[in-house]
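Visitor: I am new to this structure and would like to be taken through some of its contacts. Please show it to me before we start.

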Amino acid sequence: MIEVIVIATVTVLVIAGATALGPRLRLAGPLLLVLLGLGVSLLPFVPAFELDPEVILVGVLPPLLYSAAVSLPAIEFRRDVRPISGLAVLLVVVSAVALGFFFHAVIPGLDLYLAIALGAILSPTDAVATSIAKRLGISRRVTTWLDGESLLNDATSLVILRTMVAAAVTGSIPEGGIVGAFLWGVVVAIVVGSIIGYVNLRVRALVRNPAANTAIGFVVPFVAYIPTEALGGSGLVAAVVAGIVTGQGAARRFTPEQRLSDELNWRTVELVLEGAVFLVMGLEVKDLWDSVAADGAGGLERAVFLAATALLIILAARAVFVSLLVWGESRRARRAATHLPRVRTWPDRVPERARPRVLRFIEDLEYHRTTPLGWRHGTVMVWAGMRGVVTLAAAQTLPAETPSRDLLVFVAFLVAVGSLLLQGSTLPWVVRMLGLDGEGDETVDREERMRLDRELRDAAAAALTDENLSRRDGESFPPELIARVGDRYTRPPDDDTTALVRDALELRLVLIRAMRRRLTELSSGGAYSTAVLRHTLAELDADELSLELRLDGED
């Protein structure tokens, strides 16, 4: 038991150290962890290491994907759901089939079903691509595509894997086929995930104890995963859906403390789990290498050839597919620019009830017009499509009787590690060469943030004129205080203990809550980006927490 505790402690410290040192060494943390794991595995006194793939598939991926889904920019995701779905579904299918025919042709005795299963294992991208790309300051639209793809393509991959393995065992495609299995898995996941996400919002809104609230939040991805898998659906998609529902309802249902606590807690969980997986990746490579080398007959050279060719096929298929998507989005941007002058006249000609949807449609057109994608963005999306956690875990679920199983698992490891090291280490250079670094910088949002700030100030000004404006105990605010705050709301009151100051703090709390209500209304309209909305919400939350603490200190 002591050994387990020591190993866990050292692992967490190594992950934290790699995360802190990575930027100084100009190397992404996951890349550094893979290299560290590989270096440790080469030490003569380190025993062979193998992790049960179920630990990753069931214990690691649900919370990792849930954490990423909670922070998903939902407005941008909705606007680009078609290309993201293409990347997450069609591209995975195309890549799996192409790789399957290749492996079936070059590996003697390998059944076509199992060959396609291996292709499905190698097809999904990893969320680490987005984390590296975000640090490079590339377009937020590009990172949204990568984010959405890495969240959803795991389900496509695992459904194909499950179906192909079952077909290899029985000799035929299961009833309903791949399409039927995929649709059933997604529909069940969406239903269960939505229900769990909604229940999570309602239950945690009632639980005021911070520790208990956090504990409930930690089990949500597993509560979504387990029943979905039992019903034959994709538990990973259910965890993603639950995360999206939770992330979008948090502004309305949760307290500021809950939102800030959740953000920090899930970032920590994500850091530790993802870091542990990449560390394990490095630790396991040596033993697989030794196993394949022991087979003789050019096992290592053959594995390297298969992995390199597979990676080329993946990149080629991705390049063609992304090129088509970018071309389609370019046409869409040109159409948006053409239609906008005419569409902007629609709000005055439709009923009041339909006006919000028309305004949202106009904002969507404006988004596509002002954020066009070109070949440079497509190049980054192709090169950022790295393999990782799912590929490693899924490869080890191949049946034990699979011909050349060790070779196939090792090929999957080589593709994952190779793409991570090759593409991950050169992605910053590619971005700089294309001149895209800094495109997603916060400075481009200054004007948008000023617009949103004016909207919220208008909401606060309207609240000051509300005849029902009162303190928490129901007493009215002094008129002179309302006038003073109305003129100088942006300036904090003097730090004294007078009753006027306390009333000013209470009034500021009321105004912050009025601004937050307006912010919640604006969040569904599409006029502002997710990044700006969340930044402003965090500012309001921080102001409210500060005021609450000052009021509590004066009680």
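Visitor: Does Glu229 count as buried, partly exposed or exposed, and what is its relative accessibility?
Guide: A caution to begin with: this is a predicted model. Buried would need under 20% relative accessible area, and exposed over 50%. The value for Glu229 is 28%, so the residue counts as partly exposed, at a relative accessibility of 28%.

Visitor: With which residue does Arg162 form a salt bridge?
Guide: A salt bridge here needs a side-chain nitrogen of Lys or Arg within 4 Å of a carboxyl oxygen of Asp or Glu. For Arg162, the closest N and O atoms of the pair are 3.6 Å apart, and the partner is Glu229.

Visitor: Which helices hold Arg162 and Glu229?
Guide: The two residues are 67 residues apart in sequence, so their pair ties together separate parts of the chain. Arg162 itself is partly exposed, with a relative accessible area of 40%. The helix of Arg162 is H8, and that of Glu229 is H10 (residues 210-230).

Visitor: How many salt bridges does a search of the whole structure find?
Guide: One of them joins Arg141 and Glu329, with the closest N and O atoms 2.6 Å apart. Another joins Glu521 and Arg518, where the corresponding distance is 3.2 Å. Over the whole structure, the search finds 16.

Visitor: How many residues apart in sequence are the parts that Arg141 and Glu329 tie together?
Guide: The salt bridge between Arg141 and Glu329 has its closest N and O atoms 2.6 Å apart. Arg141 lies in helix H8 (residues 140-170) and Glu329 in helix H13 (residues 299-343), so the parts they tie together are apart in sequence by 188 residues.

Visitor: Are Arg141 and Glu329 buried or exposed?
Guide: Buried means under 20% relative accessible area. Both Arg141 and Glu329 fall in that class: buried.

Visitor: In which helix do Glu521 and Arg518 lie?
Guide: Arg518 counts as partly exposed, at 27% relative accessibility. Glu521 and Arg518 are three residues apart, which means a separation of about one helical turn, and their helix is H20 (residues 499-523).

Visitor: Which residues are linked in a network of salt bridges?
Guide: The network has both Arg and acidic members, which can be listed by name. The Arg members are Arg259, Arg513 and Arg516; linked with them are Asp541 and Glu544.

Visitor: Is the aromatic pair of Phe102 and Phe103 stacked, tilted or edge-to-face?
Guide: A pair of aromatic rings is described by the distance of the centres and the angle of the planes. Phe102 is buried at 14% relative accessibility, and Phe103 is buried at 0%. The ring centres of Phe102 and Phe103 are 5.3 Å apart and the planes are at 55 degrees, so by the cut-offs of 30 and 60 degrees the pair is tilted.

Visitor: What is the arrangement of the rings of Phe218 and Trp266?
Guide: Phe218 is partly exposed, with a relative accessible area of 32%, whereas Trp266 is buried at 7%. Their ring centres lie 5.5 Å apart and their planes are at 80 degrees, so the arrangement is edge-to-face.

Visitor: Which residue forms one aromatic cluster with Phe218 and Trp266?
Guide: Phe218 lies in helix H10 and Trp266 in helix H12 (residues 256-294), so their pair ties together parts 48 residues apart in sequence. The remaining member of the cluster is Tyr66.

Visitor: How are H3 and H11 oriented to each other?
Guide: The axes of helix H3 (residues 53-70) and helix H11 (residues 235-253) come within 7 Å and cross at roughly 30 degrees. The crossing is right-handed. Residues that meet there include Leu61 and Tyr66 in H3, and Val240 and Gly243 in H11. Angles under 35 degrees count as roughly parallel, and H3 and H11 are therefore roughly parallel.

Visitor: How far apart are the C-alpha atoms of Gly100 and Ala115?
Guide: Gly100 lies in helix H5 (residues 81-106) and is buried at 0% relative accessibility. Leaving out residues up to four places away in sequence, Gly100 touches Leu112, Ala115 and Ile116. Gly100 and Ala115 are 15 residues apart along the chain, and their C-alpha atoms are separated by 4.4 Å.

Methods: Residues are numbered from 1 along each chain as its sequence is written. This is a predicted model: local features need pLDDT of at least 70, side-chain atom pairs count only at pLDDT 80 or more; totals for chains, interfaces and linings use all residues. Side-chain values use heavy atoms; hydrogens and water are left out. Helices (H or I, at least four residues) and strands (E, at least two) are DSSP runs, numbered from the N terminus. Buried means under 20% relative accessible area, exposed over 50%, partly exposed in between (1.4 Å probe, protein chains only). Rings of Phe, Tyr and Trp (its six-membered ring) pair if their centres lie within 6.5 Å; planes under 30 degrees apart count as stacked, over 60 as edge-to-face and the rest as tilted. Axes are lines fitted to C-alpha atoms, for helices over the stretch in contact, and angles run from 0 to 180 degrees between N-to-C directions. Angles under 35 degrees count as roughly parallel, over 145 as roughly antiparallel, 65 to 115 as roughly perpendicular and the rest as oblique. A crossing is left-handed if the near helix is turned anticlockwise from the far one by less than a right angle, and right-handed if clockwise. Contact means heavy atoms within 4.5 Å.
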